[in-house]
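Dear colleague,

Please find below the structure that I am handing over to you, followed by an account of what was found in it. I would be grateful if you could keep the model open while you read.

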Amino acid sequence: MKIESKAAERLKELGAELLPGVSLAERTSLGIGGTTDEILLRRYETIPQVMRLLADQRIPHRFLGGGTNVLIADGELPWVALHLPPARPGIAIEGDIASVDASADLGGMVTFCAKRDLGGMEGLIGVPGTVGGALRMNAGAYGTQIGSHVREVELYRASSGEIEILRGDDIRFDYRHTSFAPDDVMLRVKLELPSKPYREILEGIRICNGKRRSSQPLNQKSAGCIFKNPPGGSAGRMIDELGLKGAREGNAMVSDRHANFFVNAGRASCADMLRLIERVRESVRGAYGVELENEVIVWQN
Ligand code: EPU
């Protein structure tokens with residue numbers, strides 16, 4: 001979708017930068033996604049005005065974070081992409097509290113805090129993406145989930161049109177799910193982290209990195225796990241048991257390393273990936289009577 005010049009002028013006045021005709025395939029870890037204009041929101045405080053402008057001009061939009069857990073439609077997209085570009089360092093530490101911009105890299109944040117003897121996030125080290133994306137999904141790995149450490153979140157609430165601050169206790173964090181509204185935009189988070197010597201944290205990080213390297217296809221284009229684990233079960237194990245590793249639809253393929261990772265093995269399209277997702281979901285339903293729910297977020301037009 002293209003933004004008209006008048007709206008583009010006003011966006012510029014609000015401190016936003018417009019990038020015309022961006023291929024979102026270059027913004028996602030799957031390497032899949034169509035083309036649209038992208039707006040970089042460099043000033044958090046003008047977000048309410050930017051959102052009002054988009055609403056007035058009837059410009060559909062979606063917020064793209066690190067692009068590591070999203071499957072985006074092919075072709076010319078009927079909405080513009082909004083993005084919070086990272087500012088460095090984007091993290092401030094006070095005692096055992098880390099105040100982190102949502103646009104900060106999750107792994108970078110874990111190591112930044114580790115160097116200041118703040119731990120508890122070791123399991124998240126290899127999870128790609130931004131802190132905001134991790135927060136919205138309550139990202140987790142190896143027994144750690146980000147929600148357990150949240151003290152406070154600053155966000156833009158579409159329902160009020162304002163920037164608000166929520167206390168950690170007022171937010172629900174469940175398995176890969178939170179009580180944030182779908183159109184809430186994460187801006188900043190305060191995390192309360194346990195003090196630990198750097199060397200000890202580093203050891204935990206090494207162990208998690210090793211486990212991840214031995215079980216996940218880290219050097220291929222993927223969005224991590226495609227399905228959530230069903231209660232008490234493992235989507236990866238079920239797909240593996242059905243002999244579906246290596247199964248393909250076009251250039252979308254079930255990883256032969258971890259069956260819940262679907263990889264872009266060439267120039268896969270969104271349609272290829274969706275066909276593969278449905279085929280695997282059907283096989284699991286047929287064999288186990290289990291309906292797998294997407295973990296990856298799908299943005300179809
Ligand atoms: N397994 C297989 N075959 C496979 C994959 C897994 O038999 O192809 C078996 C494993 O041997 C193990 C069990 O299934 O006994 C669980 O596998 P794993 O330890 O790899 O964990 P997972 O449940 O598949 C979850 C998260 C990952 C996270 C890891 C580590 C979900 C959907 N996935 O995977 O998160 O990295 O635990 O904590 O919750 C993600 O969310 O994108 C993601 C990758």
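Sorted by class, the shell around the ligand holds seven nonpolar, seven polar and six charged residues. Please note that this is a predicted model. The ligand is surrounded by 20 residues, and the closest are Tyr-142, Tyr-175, Cys-225, Asn-229 and Asp-240.

Three contacts of the ligand deserve your attention. An oxygen atom of the ligand lies 2.8 Å from a polar backbone atom of Ala-259. With Gln-216 the partner is a side-chain N or O atom, and the distance to a ligand oxygen is 3.0 Å. The side chain of Arg-212 likewise places an N or O atom 3.5 Å from an oxygen of the ligand. How much area does the ligand expose when taken alone, and what percentage of that does the protein bury? The ligand alone exposes 820 Å², of which the protein buries 73%. Two elements, strand 15 (221–225) and helix 6 (235–241), give two or more residues each to the shell around the ligand. Helix 6 gives the most, with three residues.

The second largest pocket is the next place to visit. The space in this pocket is about 220 Å³. Its lining consists of 13 residues, and those nearest the centre are Pro-86, Arg-88, Pro-89, Ala-104 and Asp-105. By class, the lining of the second largest pocket divides into seven nonpolar, four polar and two charged residues. Which helix gives the most to this lining? Helix 3, which covers residues 106–115, does so with three residues.

Two of the residues nearest the centre of that pocket, Arg-88 and Pro-89, are also joined by a peptide bond that is cis, with omega near 0°. Pro-89 is found in the loop between strand 5 and strand 6 (91–94). A second backbone feature concerns Asn-138, a residue other than glycine whose phi is positive, near 50°. Asn-138 sits in the loop between helix 4 (131–137) and strand 8 (140–141). As background for both features, most peptide bonds are trans, and most residues other than glycine have a negative phi.

Helix 3 appears again at the largest cavity, where three residues from this helix make up the largest share of the lining. The count of cavities of 30 Å³ or more comes to one, and the volume of the largest cavity is about 30 Å³. Among the residues that line the largest cavity are Val-110, Cys-113, Ala-114, Leu-193 and Ile-201. In terms of class, this lining has seven nonpolar, two polar and one charged residues.

Finally, I turn to the aromatic rings. A pair of such rings is described by the distance of the centres and the angle of the planes. The structure has three aromatic pairs. One of them is formed by Trp-79 and Trp-299, with 5.4 Å from centre to centre and 85° between the planes. Is this pair stacked or edge-to-face? The pair of Trp-79 and Trp-299 is edge-to-face, because the angle of 85° between the planes is over the 60 degrees that this class requires. The two residues are 220 residues apart, and their pair links distant parts of the chain. Trp-79 belongs to the loop between strand 4 (70–72) and strand 5 (80–83), whereas Trp-299 belongs to strand 19 (residues 297–299).

With kind regards

Conventions:
Residues numbered from 1 in each chain as written. Predicted model: local features only at pLDDT ≥ 70, side-chain atom pairs only at ≥ 80, totals over all residues. Heavy atoms only, no water. Near = heavy atom within 4 Å. Polar contact = N/O pair within 3.5 Å; in protein donor to acceptor, adjacent residues only side chain to side chain. Areas by Shrake-Rupley, 256 points an atom, 1.4 Å probe, with all protein chains shown as cover. Helix = DSSP H or I, 4+ residues; strand = E, 2+ residues; numbered from the N terminus. Nonpolar A, V, L, I, M, F, W, Y, C, P; charged D, E, K, R; others polar. 1 Å grid on protein atoms, 1.4 Å probe; cavity = no way out; pocket = protein on both sides within 12 Å on 5 of 7 lines; lining within 4 Å. Points joined across faces, edges and corners; volume = space filled by probe spheres on them. Phe/Tyr/Trp six-rings, centres within 6.5 Å; stacked < 30°, edge-to-face > 60°.
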